[in-house]
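These are my notes on the model, set out as numbered points. They deal with salt bridges and with one helix.

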Amino acid sequence: MTRFTVNDRPVQYRMDPDTPLLWALRDASNLTGTKYGCGTGDCGACTVDIDGEAVRSCQVTIGKTEGRFVTTIEALSPDRGHPLQQAFAADNVSQCGYCIPGMIMAASVLLRRTNDPSDEEIDGAITNICRCGIYPRLRGAIKRAGRIMRGEDQGSGDQGAAAPPPGITPEDAARTVPALGRPAAQPKR
């Protein structure tokens, strides 16, 4: 039996110790925010935080995770209040959204090291692949999250509001973050 901590809770997996962490998280723990992308560690969709390091969970086994602390996107901030979640929503970073959990996890590790990363630091830490090409918005959102962490940005202003709190109605969310509103009806021709 393999034992370690996932999202601040002790877990025990009765699985082969050579099972990739990705599959233990998704299949045994139902933590599906960690995505399967390539299975080779190239895309980063499966990135989690293990003991303060951004790790591709498809490339580490549960046996190698014994006794360690794993954080997935589900535990970053249950109320969407983490500065990265706020900045990603405010800057409309997501397109299809598939890569976003892995990118947010990699960025959270970076921002714990420095809340004022340079472009080079961001590029070096976020090697995740996004097929939609959100990279310019990604860099801006990471910098915004750093400003929020430093108290220089409240997530609102001329660049848009931060993510609405959970439990808000769609109409109120659209007033808070205009990008969440329905598009205006097109006139009939």
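1. The model is a predicted one. A place to begin is Asp-119, which has a relative accessibility of 27% and therefore counts as partly exposed. Its salt-bridge partner is Arg-139, with the closest N and O atoms 3.6 Å apart. Asp-119 belongs to helix α5 and Arg-139 to helix α6, so this pair ties together parts that are 20 residues apart in sequence. Arg-139 has a relative accessible area of 29% and is likewise partly exposed.

2. Helix α6 contributes to another such pair: Arg-150 forms a salt bridge with Asp-116, and here the closest N and O atoms are 3.6 Å apart. This bridge links distant parts of the chain, since Arg-150 is in helix α6 while Asp-116 is in the loop between α4 and α5, 34 residues away. Where do the two residues stand in accessibility? Arg-150, at 28%, is partly exposed. Asp-116 is exposed, because its relative accessibility of 52% is over the 50% cut-off.

3. The pair Arg-144 and Asp-153 is buried on both sides. Their side chains meet in a salt bridge with an N to O distance of 3.9 Å, which falls within the 4 Å limit. Arg-144 has a relative accessible area of 1% and is buried. Asp-153 is at 10%, under the 20% cut-off, so it counts as buried too.

4. Arg-144 and Asp-153 also belong to a network of salt bridges, in which they are linked with Asp-91 and Arg-147. By the rule applied, the model has a count of 11 salt bridges.

5. Why is helix α3 described as largely enclosed by the rest of the structure? The helix spans residues 83–90, and 7 of its 8 residues are buried, which is the reason for that description. The buried residues are Pro-83, Leu-84, Gln-85, Gln-86, Ala-87, Phe-88 and Ala-90.

6. Which helices do the buried residues of α3 pack against? They pack against α2 (73–76), α4 (100–113) and α6 (135–150). Helix α6 thus appears in both parts of this note: it is one of the packing partners of α3, and it holds Arg-139 and Arg-150.

7. A backbone detail follows the end of α3. Just after this helix, Asn-92 takes a positive phi of about 50°.

Notes:
Residues are numbered from 1 along each chain as its sequence is written. This is a predicted model: local features need pLDDT of at least 70, side-chain atom pairs count only at pLDDT 80 or more; totals for chains, interfaces and linings use all residues. Side-chain values use heavy atoms; hydrogens and water are left out. Buried means under 20% relative accessible area, exposed over 50%, partly exposed in between (1.4 Å probe, protein chains only). Helices (H or I, at least four residues) and strands (E, at least two) are DSSP runs, numbered from the N terminus. Contact means heavy atoms within 4.5 Å.
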